[in-house]
There are 4 protein chains.
Amino acid sequence: MKRLLIATGGGDCPGLNAVIRAIVHRASQEDDWEVLGSIQAFNGILREPTEIVVLDNKMVSGIHFQGGTIIETTNKGGPFSWPVKEKDGSWTAVDRSDEMIRKLKYMNIDAVINIGGDGSQEISQKLYEKGLNIIGVPKTIDNDLSSTDTTFGFQTAVQIATESVDKLVTTAASHNRVFMLEVMGRNAGWIALNAAVAGGAEVCLIPEFPYDIYKVKEALEKRFHHGRGFAVVVVSEGAYIQGGHMIYQENKEVGYKNKRLGGIAAQLIKELQEIGFQHDMRETVLGHLQRGGVPIAYDRVLSAQFGVRAFEMVLNQNFGKMVAYRHPNFVAVPLKEAIATPNLVTSDNSLVKTAKGLGISLGI
Amino acid sequence: MKRLLIATGGGDCPGLNAVIRAIVHRASQEDDWEVLGSIQAFNGILREPTEIVVLDNKMVSGIHFQGGTIIETTNKGGPFSWPVKEKDGSWTAVDRSDEMIRKLKYMNIDAVINIGGDGSQEISQKLYEKGLNIIGVPKTIDNDLSSTDTTFGFQTAVQIATESVDKLVTTAASHNRVFMLEVMGRNAGWIALNAAVAGGAEVCLIPEFPYDIYKVKEALEKRFHHGRGFAVVVVSEGAYIQGGHMIYQENKEVGYKNKRLGGIAAQLIKELQEIGFQHDMRETVLGHLQRGGVPIAYDRVLSAQFGVRAFEMVLNQNFGKMVAYRHPNFVAVPLKEAIATPNLVTSDNSLVKTAKGLGISLGI
Amino acid sequence: MKRLLIATGGGDCPGLNAVIRAIVHRASQEDDWEVLGSIQAFNGILREPTEIVVLDNKMVSGIHFQGGTIIETTNKGGPFSWPVKEKDGSWTAVDRSDEMIRKLKYMNIDAVINIGGDGSQEISQKLYEKGLNIIGVPKTIDNDLSSTDTTFGFQTAVQIATESVDKLVTTAASHNRVFMLEVMGRNAGWIALNAAVAGGAEVCLIPEFPYDIYKVKEALEKRFHHGRGFAVVVVSEGAYIQGGHMIYQENKEVGYKNKRLGGIAAQLIKELQEIGFQHDMRETVLGHLQRGGVPIAYDRVLSAQFGVRAFEMVLNQNFGKMVAYRHPNFVAVPLKEAIATPNLVTSDNSLVKTAKGLGISLGI
Amino acid sequence: MKRLLIATGGGDCPGLNAVIRAIVHRASQEDDWEVLGSIQAFNGILREPTEIVVLDNKMVSGIHFQGGTIIETTNKGGPFSWPVKEKDGSWTAVDRSDEMIRKLKYMNIDAVINIGGDGSQEISQKLYEKGLNIIGVPKTIDNDLSSTDTTFGFQTAVQIATESVDKLVTTAASHNRVFMLEVMGRNAGWIALNAAVAGGAEVCLIPEFPYDIYKVKEALEKRFHHGRGFAVVVVSEGAYIQGGHMIYQENKEVGYKNKRLGGIAAQLIKELQEIGFQHDMRETVLGHLQRGGVPIAYDRVLSAQFGVRAFEMVLNQNFGKMVAYRHPNFVAVPLKEAIATPNLVTSDNSLVKTAKGLGISLGI
């Protein structure tokens, strides 16, 4: 009997459960494979007692249309930065990776599939270099990886953001207001750009293109005549004014790498008021509503494809790789390359041209 | 030819357009009625030049599944508090009600249907006392009127809030977090209470029951064992701690009565941290997402019922009344009574008992 | 320790699981109650070996937003008509009710909650007369019970039917077609009538008002000018032409009472073609799509209310009754009365007047 | 002033309006272009009087989230097969293409964008060969064109089909039934295959792989133990049994090329009953519900991309071409090539492998 361990790390993402289900279903077609899940990324292995669940077909029944991950996830801890409390009450990060690899051997784990973002895949690469049979499945709701055409969860986030634009349009029009919709996207503006095009927003501000506040004002003024008019602005959480910088709080807790962004929608209202924009403005921050809930069919299919491929890479002992989608194929990319280059919005991107073609101002 | 004028006032509400469409369709069955809409409540009449649109069957085609109001709405101005700029730059509120009634006569308006909340219906009553043939249609997304069993828009808001709970549950469970979902409800907790019961939240805090923060902490602690667990708290924007008060900003601008609430979700997190609750907590503020978008079928039916009844009250010259639903009938209630008593959550309400029966803590 | 048994019978209905969850949550607040579920109505008790599951808080976690019933349901068998195969291969219905009551005693079942339609509640009444401590919870997606203001599942069915009208309107308009949407409703036209009003259909045909096909033709002709135009007709499965009769197949299998309707949409197209209506017509039969899926918030709240009340009736030993909603209260109605009078659409109903007020033809 | 004419032909498809809006918005950025729409494909030009509408930014406001096409569509008539009634009452198809091209010249139409399926693009090619400045935009809800990675409307159809699977799963499980869900797909099984993978169906039958009914039975039997169990089968309308043929009705009316499929779900039930499959089976035919309604964000974005590119091809006088998506670029493909090769499901396709990997039977 061979054993596969699955872990999910980083922020949750619609489609994670569909990946897990696909791996388990595919593995069940082989006579000699058993699948386990480590609770809260690798922390389930590192803790004493360990927190591990058996994942069989019954356990994963119906989970493909559930958001989140049944084996939980976390941004804290992990094999290379386990938090340990010092005598003086402070916290230090400790490397427990060798211990973890030993533990996995004792548990007869033959292979590991690590589903996670760039932070998680850096860990995958380091564990692979230490000899672990590991395979990565990319997870980024922001779609900011250049090694794969797209990633699951992204289209669900775009769909939720677009439905929010749809909702705000009618209330904006009824009240002659400008709505600022803040969506996810720390470094990459894909969610904002897609939602702006799909929803028919008037302005879209993204991290890649720091905005000229006067250009934003100008675009909005055009929408009002004699006090009547309205507009919706879609803004990535990581967007910022030219000459300014992203608004974020670094979270200093040991082993916790998350930096929280947000607040740009409110900031934008202030900036516009300061330069004399007079219309009624309101902000809406989508936040975690973009992560949760039922993945759309597109993402469930993509997740199933990733999951089945990942298990087949295990069968082929194609370790140290990440599964990636390169239309119309699914390929195995070395982990090292996979996370090297981010996929950011560039000015010559077809969607940028389309946004401009629709008359959407990018504030530049 | 007789003329009916429709106005929509206060915050927008899913179903407003369905009411307008129903009035127009019903009126088109009479040979001698024409329907007009005043843009932005009564301001469309008060402005020079007036802002009025003709509402015929073509104009209202397909609007019943659109959020908002095609004749727009506002919280500013109105016949009894029209803002006038003084020489020193300050603003004064002026009574232009007599002038407006004269204007309506010049325009051969035979009757007015005013769709709006308690503020709007107070105006209706005062205009009625001054001799205007006016009928009210209640509009409150909070469902806080005791003169009618229910009002349109409320169930759509509950549906949106419930879908948000559904989304947060999966992300909360995946991250072992507590989510605070802030929903509408200044004085009445109906949206929060319904969404908490429908979504299966663990805690529900409403304005009617100021909460004991230690009780909230206790209810949440129960959900965690050895660091694992999660919870969703649904909190009305008007909720507040025992001994505290609602968090709001009075908007002092002349002719603008809106007070903005909000921020209680973030406040609650602080309060819990202060008394030593250690788990990861996040807030989500639904805001205007609850107002916009496609009304659910329930609200569209209710809106159609209100609209048809309101026009028939015009035909019967049953003025100075508001249409109200008293299951299974629709009745005409004198405007004066209609807005007298709010419908607040009481401790003996069946839904409160059900919430408790499900194990939902009300923080009391 | 006391034991409660839950059974669900008849066609599945959105909200069944929310009722089960509410009963279980409420029961868990008492120290001395255990809840069991009988698989496939009472057949789980009648079979050897019995098919029974323990229903605790963990078992019902998250089921309130799932359609269907986790304890399954059936239209076949039951204590009063258990199918037994004769030597000649034919089937006979056998009364096993006394045996079942004895079995429940051996199993220390103190009370039974039977969630089901009129067929199921007739069984409840007969079992009550034989001494069983039984309580009924009404389940009818058609909302055709006069003893309760409304029942769970109905608004979800209306919502799904309305969303279907919304979808058909755009395709009908694009193709200049007439769409016949066949929705549930054997004897009662509530789903059709609500969906027609909410969706803005042009014609609505229901079982209570056998239609004049020439009136239907006339209403549809009005929608076309020079070959352009479109219309949506919402038709209950039980609707039929004046002088005609319902289209249905009696299912003669022993112990299986279901009669299948359907086909009226296709029939209507034929009838219209026969009298010379020339426009392109298509039918869509919603079928089981109306039963499945996530219940809307309204139905989840209603289900929770029914469930908590039902368990409290058990606590109060208020047996032989059915829980009913009479706005704003939940009351206990003797089972005998509860199922006596159906709730059918009458010509003086407010919704019928509203439909007419909107210009919807009822084909009469 | 230059003039562009838009026509939409064939079955309607979610995203058509978003393409129209994108063309109009992009054209409005040029000083010298006016956009017109021909009602019901080219029939609006061919009729006397012509049926043409001016398409400006106001006219297309908000149409991107509406299904259907505001300039209507049809399968009848067209420049090469205009139906003319003979003296004996029969119909003949007449070629009016030269006349139409002359008419377009008189109307000062400088370019035409024809949005439609393979039938429509064959017409485009023939008109191009006759000298018309024409550009094609592909429209096929079945995603069966190999010249473009994907087409708009397809993902919306997949989403609707998947949501239907989700709904049927709960009712199937509650009733221990097998549901046959018939979805669109005459020659290509993409919708069925995607919905089966996304929804977690047990069996998926598509036109490319005629099924072995014994294999279908075998796959379904596995899902039942002692009478308990359930399954969902997703079947393309064009699927058929090995040795059999597609079920369809040829529509013989002149100028009307549509052949109607459908009925395979009911047929499948009969076939299974004939070979002794005993479980309760029901069919659901999605039909036009897949075409209508709000396009998902993915399709709206794709539509916007197609629309903007198509207009830019007009600007660049890149006629006789069809816009196509080849990730990550949008390219211009000669019309002749564009419609040459269909995109069918092949046994080595990655999604087929994934379906098998999940344990979905393809009946082969």
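Start with chain C of this predicted model and select the open sheet of four strands, whose order is 9-12-8-15 with parallel pairing. At its edges you'll find strand 9 (203–205) and strand 15 (281–285) of chain C; each has a single partner strand, so one side of each is left without a neighbour in the sheet. Look at the twist while you're here: on average, neighbouring strands of this sheet are turned by 20° against each other, direction ignored.

Now zoom in on strand 8 (residues 178–183) of chain C. How many bridges join it to strand 15 of chain C? Five, and the two strands run parallel. For one pair to click on, try Met180(C), whose bridge partner in strand 15 of chain C is Glu283(C).

Next, add helix 8 (residues 264–274) of chain C, which packs on the sheet. Helix 8 touches strand 8, strand 12 (231–236) and strand 15 of chain C, and its direction makes about 165° with that of strand 15.

Keep chain C and bring in chain B. A rotation of 180°, with 0.0 Å of shift along its axis, superposes chain C on chain B at an RMSD of 0.0 Å. That is the relation of a two-fold axis. The same surface serves both copies, as 100% of the contact residues of chain C recur in chain B. Which residue of chain C comes closest to the rotation axis? Select His327(C): its C-alpha lies at 3.6 Å.

Over to chain A, which you can colour by domain. The domain assignment gives domain 1 (2–152 + 295–327) and domain 2 (154–291 + 346–357). Taken over C-alpha atoms, their centres are separated by 33 Å. The contact between them takes 25 residues from domain 1 and 18 residues from domain 2 of chain A. On the domain 1 side, strand 4 (82–85), strand 5 (91–94) and helix 9 of chain A each supply at least two residues. Strand 5 gives the most, with three residues. Colour that side of domain 1 by residue type and you get ten nonpolar, ten polar and five charged.

Last stop: helix 11 (residues 350–357) of chain D. Its buried residues are Val352(D), Thr354(D), Ala355(D) and Gly357(D). What covers these buried residues? Show helix 6 (190–199) and strand 9 (203–205) of chain D, then helix 1 (16–27) and helix 9 (297–315) of chain A; the cover includes these elements from both chains. Before you leave, step just past the end of helix 11 to Gly359(D), which takes a positive phi of about 90°.

How values were computed
Residues are numbered from 1 along each chain as its sequence is written. Chains are lettered from A and ligands numbered from 1 in the order in which they are written. This is a predicted model: local features need pLDDT of at least 70, side-chain atom pairs count only at pLDDT 80 or more; totals for chains, interfaces and linings use all residues. A residue is buried if 20 or more other C-beta atoms lie within 10 Å of its own, exposed if 12 or fewer, and partly exposed in between; C-beta atoms are placed from the backbone. Two residues are in contact if their C-beta atoms, placed from the backbone, lie within 7 Å. Copies are superposed by least squares on the C-alpha atoms of residues with pLDDT of at least 70 in both. Domain bounds come from an automatic or database domain assignment. Ala, Val, Leu, Ile, Met, Phe, Trp, Tyr, Cys and Pro count as nonpolar, Asp, Glu, Lys and Arg as charged, and the others, Gly among them, as polar. Two strands pair if DSSP finds at least two bridges between them. Axes are lines fitted to C-alpha atoms, for helices over the stretch in contact, and angles run from 0 to 180 degrees between N-to-C directions.
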